[in-house]
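The following report goes through a single protein chain, moving from ring interactions to internal cavities and then to selected residues and the overall dimensions.

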Amino acid sequence: MLYGRARESAVIEELLTGGRAGRAGILVLRGEAGIGKTELLGQAAAHAGELGYRVLRVAGTEAESELPFAGLHMLLGRTRDRIDSLPPGQACALRAAFGDEAAGEPNRFLVGAAVLTLLAGLAESQPLLCLIDDAQWLDRASFDALLFLARRLDAEPIVLIIAVRDGHLAELHELPGHQLELERLDSAAAAALLADGPVELTPAATQWILGEAQGNPLALSVLPTLQRSDRMYASPYSHGEFRTQYRIQQAFSDRIAALPETTRQLLLIAAIDDSGDPALILAAAAGSAAGHTDISVAEAADVLRVQDGRIAFAHPLIRTAVQGAVSAAERRDAHRSLAAALLGEPFGDRRAWHLAAAATEPDDEVACLLDHAAERAAARGGVSEVCATYRRAADLSVDSAGKCRRLIAAAQAAVDLGDLDQAAQLTEQAVPLTTDPGLLATLTALRAHISREQDRPDVAHQSLLAAASFVTTQDPETAGRLLYLAADAAWGAGNLPAVDRTAAHAESLGLPGADRVRALAELAHGVNPGPDISAEQATEALRLLLAATPSDQLRERSDTAYWHLMLADITAANDLSTALAADCRGRGAIGVLARALMLRARAEFLLGRFTAATATATEGLRLAADTGQRFIVIYQSATLALLAAARGDEPGCAEYASEPLARGIAPGNVHAAVALSLLDLGLGRPDAAADRLLAMLAGANRNGITSAIPDLVEAAHRAGRLDEARAAFEWYSAWAEHVGQHWVVAIAHRCRALLCADSVDAEDHFSTALRIHNGHTDFAFERARTELLYGEWLRRGKRRIEARTHLRTAAETFRRLGAEAWADRADGELRASGETLTAAPAASAVLDRLTPQELQTARLAANGLSNKEIGAQLFLSPRTVGFHLSNTYPKLGITSRRELAAVFRD
């Protein structure tokens, strides 16, 4: 019986009931050691078994925390026969995570998707309860996979309960579901628990224990077993000098001290390794004559438990007490015994770590074993473990060269992990260890990358210049690449003179790729409208970069799509990013997929496909957050801000724009400012829009402002401030001419019409703009804006009948796109023209009724993909896909999957 846990038990009961009804549930239990987390998990497991659940359980252990996917292996070990039923990419990733070298390198996000698919499959036949105890000790690779799972549980009959020690794993706070902080028991519950114990206590001892335990359930259970009177208090006014956790641990130590020597030796082996494998523990303890009898003795003393054929400690503090009761030399001997018992290739990583723990001085042989362990961890996708393994190998290195090499490898892993502070510390340690130009260049380039990721692009620029100088003579091609990156970093810092100096430096040295550095410099000026570089030079620089970018690798293909986007070839950018996203999904290249979705969302927004762009940007934002790609998170947030602005959603626009603006790095901050200005335009605040856009134009780094110059012209026109926009427009007009894209040319004519003093010229430009727009089906939002501005111009010229045609078209298009504020503006102009609007305009497009996730699933289902195939692409379970589709049908007014194709075709 659990005392004082009615609230927690009720939450667990609710989750288990919901799971049987097909609703996924998540509960995070937090609390100090001994507060009862493990007991609650045990109660949940027992009750779930009565309700017909399948129960999977794993407990993290400190000894296994550096072994990639050790926790996942323990959780899913008995379900490995189901791996073949997974989508091929997921199956391959999970096999690789479990050590199958023939499966190649796993992708840690595909591993997470595989876990989701596998568990969802298990839950099809009966509801599933997953219990994660001591999550703070799970290896990072397993924790990331389970975090991926938790964020995507939706319509599956799966309940996930995670128990974690106070002060650990802040990421768990962000999970949906319940978060419970276990409090200490109140006095009544504490007294009841103590009275229910097996030890008969005197009144004085009872009061001492209640005071000492302070409501900690484990303390209330263990303190009565103290065997020495000097452990009790000496004063009626004091509870002694030791805190509760020490008292509990001391009680466990007393219990262990009473056991036979051979049993204590077996306990030490189990505490050091804690694999739970009885055969391994007995083999390692054989040298001390320990055997099966000692396991039984430890069980009788309630120190060990044998569950499902594995050995586990009755409580984590017992493991601590076992190790605390012996000397450091005895612990090292235990590590050596385990290393000797871990024979064969499958145990190589664990053997290396035990030998490392036993080492007292540098040992190159052990360092080499750790190198191999790090390589295997990398092959399994355990980035955190790679970093830790190389760090320990560096500690054991005999010579400076080996230590430097291993520190660099650890630093690179820390960068991949997103731990930039640790990466910076590791590179600082490595620098004094080498004079080799190649290694120094590698180190400096790595430090520059860290600085760039930490929003210190100016520091990155200086570091890359230094790195290039190390290898200019020996490796000119590498030096050229480093200077290209240095110029890019300077551009990111808004330091255009430094970009120019870097380009001139590359040219003076005659380095390969110097033309690319010069093109980047011209582009950096070209996207900052002004007198420095003409629009013609900027577009030519872009075309050179496009021609010089290889297109056979995924990341290079993303660069190609980006250059097309900057050249205003939005259709090509959309096609390229769409194809790239499909390939990334097929290959499990999640990191590049996030970038592909970033580009695709931007292209879809510019094409006027707002519903699709919202779905793409939402998916991309979540993937970028999962992969730690901060730049993409910022960029996607800015795109969502633009979409919110176009729809007149002021709170949404402000929320999405806030972080890009706070970071102040172009183009994210520029796009966010443009979004707020577009919102102001739609809501009738032209002066605010003009002020903000003019301020951005006056900034040092205006990358991303070109596409907003038409907004400035419109704002200035409506605010009577046209002279303030003329210079910027002339640059835009020249740029439109050189990129030659029809939609940009049409917008340039629209802006020219607003700037014209002569009415004949203005009408000619409006007519030309609409003729160009109407020759193409995309860019509906921009076409509607041209219709609106032309209609407004005609109405103000007393040509009301002609104005109504354009204003009606604009209002209909805006409403179809969901741009309600703009539709209202068109309606207002129609009323001013004398037209009476007797009914509200038609509802927005049918697809706008769907959530982003529903749209994504419906779009793929319309293309003929099965639920399983859709789930593999979107990293959802097939059941969740079915749930989204079942919600989609009534919103679209259809009843079956067959009708979806017609909806999307229309």
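In this predicted model, the side chain of Arg516 lies over the face of Tyr484, at a distance of 4.1 Å from the ring centre. A second arrangement of this kind involves Arg595, whose charged end sits over the ring of Tyr562, 5.9 Å from its centre.

Contacts between rings can be considered next. Searching the whole structure gives 11 aromatic pairs. One of them is formed by Phe605 and Phe610, whose ring centres are 5.7 Å apart and whose planes meet at 15°, so this pair is classed as stacked; the reasoning is that planes under 30 degrees apart count as stacked. Both partners are shielded from the surface by the accessibility criterion, since buried means under 20% relative accessible area: Phe605 has a value of 10% and is therefore buried, and Phe610, with 1%, is buried as well. The two rings also belong to a wider group, because Phe605, Phe610, Phe781, Phe814 and Trp822 form one aromatic cluster.

How many cavities of 30 Å³ or more does the model contain? The count comes to four, and the largest of these holds about 620 Å³ of space. Its lining is made up of 40 residues, among which Arg602, Leu606, Gly704, Thr706 and Ser707 are the closest to the cavity centre. Sorted by class, the lining of this largest cavity comprises 27 nonpolar, eight polar and five charged residues.

The second largest cavity has a volume of about 50 Å³, and its lining consists of Ile132, Ala135, Leu138, Phe143, Leu146, Leu147, Ile162 and Leu172. By class, that lining has eight nonpolar residues, with no polar and no charged ones. Among the elements that contribute to the lining of the second largest cavity, helix α6, which covers residues 140-152, gives the most, with three residues.

Four individual residues are set side by side below, each with its place in the chain and its relative accessible area.

| Residue | Location | Relative accessible area | Class |
|---|---|---|---|
| Thr444 | helix α21 (residues 437-453) | 10% | buried |
| Ala189 | helix α7 (residues 187-195) | 10% | buried |
| Asp302 | loop between α13 (292-300) and β6 (304-307) | 36% | partly exposed |
| Lys798 | loop between α39 (780-796) and α40 (800-817) | 69% | exposed |

For the two helical residues in the table, the contacts beyond the immediate sequence surroundings can be listed. When neighbours within four places in sequence are left aside, Thr444 of helix α21 is in contact with Ser463, Ala466, Ala467 and Phe470. With the same exclusion applied, Ala189 of helix α7 is in contact with Tyr3 and Gly4. A separation through space is also available for Ala189: its C-alpha atom and that of Thr435, which lie 246 residues apart along the chain, are separated by 67 Å.

The two loop residues in the table deserve attention for their backbone geometry. Asp302 has a phi near 60°, which is a positive value in a residue other than glycine, and Asp302 is found in the loop that runs between α13 and β6. Lys798, although it is not a glycine, likewise has a positive phi, of about 65°, and the loop that holds Lys798 runs between α39 and α40. As for accessibility, Asp302 is partly exposed at 36%, whereas Lys798 counts as exposed at 69%.

What does the secondary structure of the chain come to, in helices and strands? The assignment gives 45 helices and seven strands. Along its principal axes, the C-alpha trace of the chain spans about 105 × 75 × 60 Å. Of the 906 residues of the chain, 55% count as buried, and the contact pattern can be described by sequence separation: among contacts between residues at least 6 apart in sequence, 67% join residues that are at least 24 apart.

Terms used. Residues are numbered from 1 along each chain as its sequence is written. This is a predicted model: local features need pLDDT of at least 70, side-chain atom pairs count only at pLDDT 80 or more; totals for chains, interfaces and linings use all residues. Side-chain values use heavy atoms; hydrogens and water are left out. Rings of Phe, Tyr and Trp (its six-membered ring) pair if their centres lie within 6.5 Å; planes under 30 degrees apart count as stacked, over 60 as edge-to-face and the rest as tilted. Buried means under 20% relative accessible area, exposed over 50%, partly exposed in between (1.4 Å probe, protein chains only). A charge sits over a ring if NZ of Lys or CZ of Arg is within 6 Å of the ring centre and within 35 degrees of the ring normal. On a 1 Å grid over the protein atoms alone, a cavity is a set of points where a 1.4 Å probe fits but cannot get out, and a pocket is an open set with protein on both sides within 12 Å along at least five of seven lines; lining residues have an atom within 4 Å of a point. Grid points are joined across faces, edges and corners, and a volume is the space filled by probe spheres set on the points. Ala, Val, Leu, Ile, Met, Phe, Trp, Tyr, Cys and Pro count as nonpolar, Asp, Glu, Lys and Arg as charged, and the others, Gly among them, as polar. Contact means heavy atoms within 4.5 Å.
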